[in-house]
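Open the structure in your viewer and keep the selection tool at hand. The stops below say what to select next and what is there.

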Amino acid sequence: MATAPLPERARQTLMEKLVSLAKRRGFFFQSSEIYGGIQGVWDYGPLGVALRNNIKRSWWRSMVELRDDVVGIDAGILMNPRVWVASGHVQNFTDPLVECKKCHQRFRADQVSGPRHESDGGEFTEARQFNLMFKTFMGPAEDSSTQVYLRPETAQGIFVNFANILNSTRMRPPFGIAQIGKAFRNEITPGNSIFRLREFEQMELEYFVPPADEMKWLDYWKEQRLEWYLALGIKREHLRLRAHGKNELAHYARGAFDVEYEFPFGWSELEGIAARGDYDLDAHQKASGKDLTYFDDLIRERYLPHVVEPSAGVDRSLLTVLIDAYHEEQVRDEQRVVLKLHPSVAPVQVAILPLSRKEPLIATAQAIEHELRPFFRTEYDDTQSIGKRYRRQDEIGTPYAVTIDFETANDQSATIRSRDEMSQVRVPLTQLKQALQERLH
Ligand code: GAP
């Protein structure tokens, strides 16, 4: 059945509402906005950077710190250009590009619907392959010998350090190397706010395994990665694992899955999980002339490990977390917008709000905020009416607010208000920390 026009419109407006909330509350803004912006680059504001750091921390915790078999690295964004020849990116990291002969606008050939530009009828040129890597120059001379690339993925920084990690740690296959960092792609058509960017951040793991075990580990990692999104609070029914068809697979790939999310603009990739064989290590071994094999002294065999790669995007995860958390609710005759963010990623976990701007409320509330600060991400706010402050905390996804009122001085208690149920409970100040810990952890 065709999609009915109304839900389609509603879905479109959800994106618009979210981008507007992101700007109004300080999650993200278009880069260089006062100069008219720059396509495919967004800047994160105070709440955005907090949410982003929480997502990255959660990934690092689950992929590196809580495991015995994964170590981290942080490689440079600029690399020897031979890396990108060996990896195949110079030759193959391309999208097909067509240009309208009338207005000279350029499009990805697989995203146009016919031989002519819909808006002006101009004929499209033949498709040509357009390389997505950004180029720059290293050092004071600008010529082809000094040309370098901004990395289009963090993965190659891991492969070229494989021998360094083997030699400097006690890691033995199966083991992984993880990295979080910026990547750059000159996308022909960036869009959907922070979904498709030209500057973005990746969270990648290269997991090195004995060749015979590759498919077993692909299976393992696809399940693990799905679990991670669920732990961030994403609803199960909005997530799916999609196996790549034969004609979608890179020629070296043994199998691949995408973790997909049902975005307002349709099911789209959140993360790719691929069994890459020994393609990368083999390519770098040949091109560099360095031995990248591993000698397993238990079975007395030397081999080139195979790789399973779960590769996620920070920005896409953040967009997903926001979309999934966004709710509009009717409360009496008012509409309430609430971000039901999981407490582990919420930029603010506890807001401390004096009921009015009078003493001794302010001093008490500030003292409580200082006491809670080492244990939770807190925020003190005494501006505007209490109703408006609750609305703001709902909109930025703060799970709990602690309200200090005129009774507090008498009964040494405060009210904990829950974002989701809007229920309120009175708690003695001495038990506040524990009561919040029970609710948040
Ligand atoms: N090393 C493998 C690799 O880079 P990819 O599927 O091209 O694989 C992995 O990228 C993830 O990086 C994607 O699933 C997505 O989350 C993120 N990503 C890729 N291109 C992006 C872009 N232009 N904007 C935002 N995120 C992007």
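Which residues of helix H11 (residues 386–396) are buried? Select the helix to find them: Arg389, Tyr390, Gln393, Asp394, Glu395 and Ile396. Keep in mind while looking that this is a predicted model.

Step on to Gly397, just after H11. Gly397 takes a positive phi there, of about 85°.

Now move to the ligand. Select the residues around the ligand, and 19 of them should light up. The closest are Glu153, Arg185, Leu197, Glu204 and Glu269. Colour this shell by class: nine residues are charged, six are nonpolar and four are polar.

Next, show the strands. Which strands each supply at least two residues of the shell around the ligand? Select strand S10 (199–209), strand S13 (266–277) and strand S16 (306–313) to see them.

Then turn to single atoms of the ligand and the protein atoms facing them. Select Glu187, where a polar side-chain atom lies 2.9 Å from a nitrogen atom of the ligand. At Phe195, select the backbone: one of its polar atoms is 3.4 Å from a nitrogen atom of the ligand. Finish this stop at Gly313, where a polar backbone atom is 3.0 Å from an oxygen atom of the ligand. Taken alone, the ligand exposes 560 Å², and the protein buries 89% of that.

For the last view, show the protein surface with the ligand inside the selection. The place to look is the largest pocket, where the ligand sits.

Terms used: Residues are numbered from 1 along each chain as its sequence is written. This is a predicted model: local features need pLDDT of at least 70, side-chain atom pairs count only at pLDDT 80 or more; totals for chains, interfaces and linings use all residues. Side-chain values use heavy atoms; hydrogens and water are left out. A residue is near a molecule or strand if one of its heavy atoms lies within 4 Å of it. A polar contact is a pair of N or O atoms within 3.5 Å; within protein, one must be able to donate a hydrogen and the other to accept it, and residues adjacent in sequence count only if both atoms are side-chain atoms. Accessible areas come from the Shrake-Rupley method with a 1.4 Å probe; for residues, only the protein chains shown count as cover. On a 1 Å grid over the protein atoms alone, a cavity is a set of points where a 1.4 Å probe fits but cannot get out, and a pocket is an open set with protein on both sides within 12 Å along at least five of seven lines; lining residues have an atom within 4 Å of a point. A molecule sits in a cavity or pocket if more than half of its atoms lie within 2 Å of its grid points. Helices (H or I, at least four residues) and strands (E, at least two) are DSSP runs, numbered from the N terminus. Ala, Val, Leu, Ile, Met, Phe, Trp, Tyr, Cys and Pro count as nonpolar, Asp, Glu, Lys and Arg as charged, and the others, Gly among them, as polar. Buried means under 20% relative accessible area, exposed over 50%, partly exposed in between (1.4 Å probe, protein chains only).
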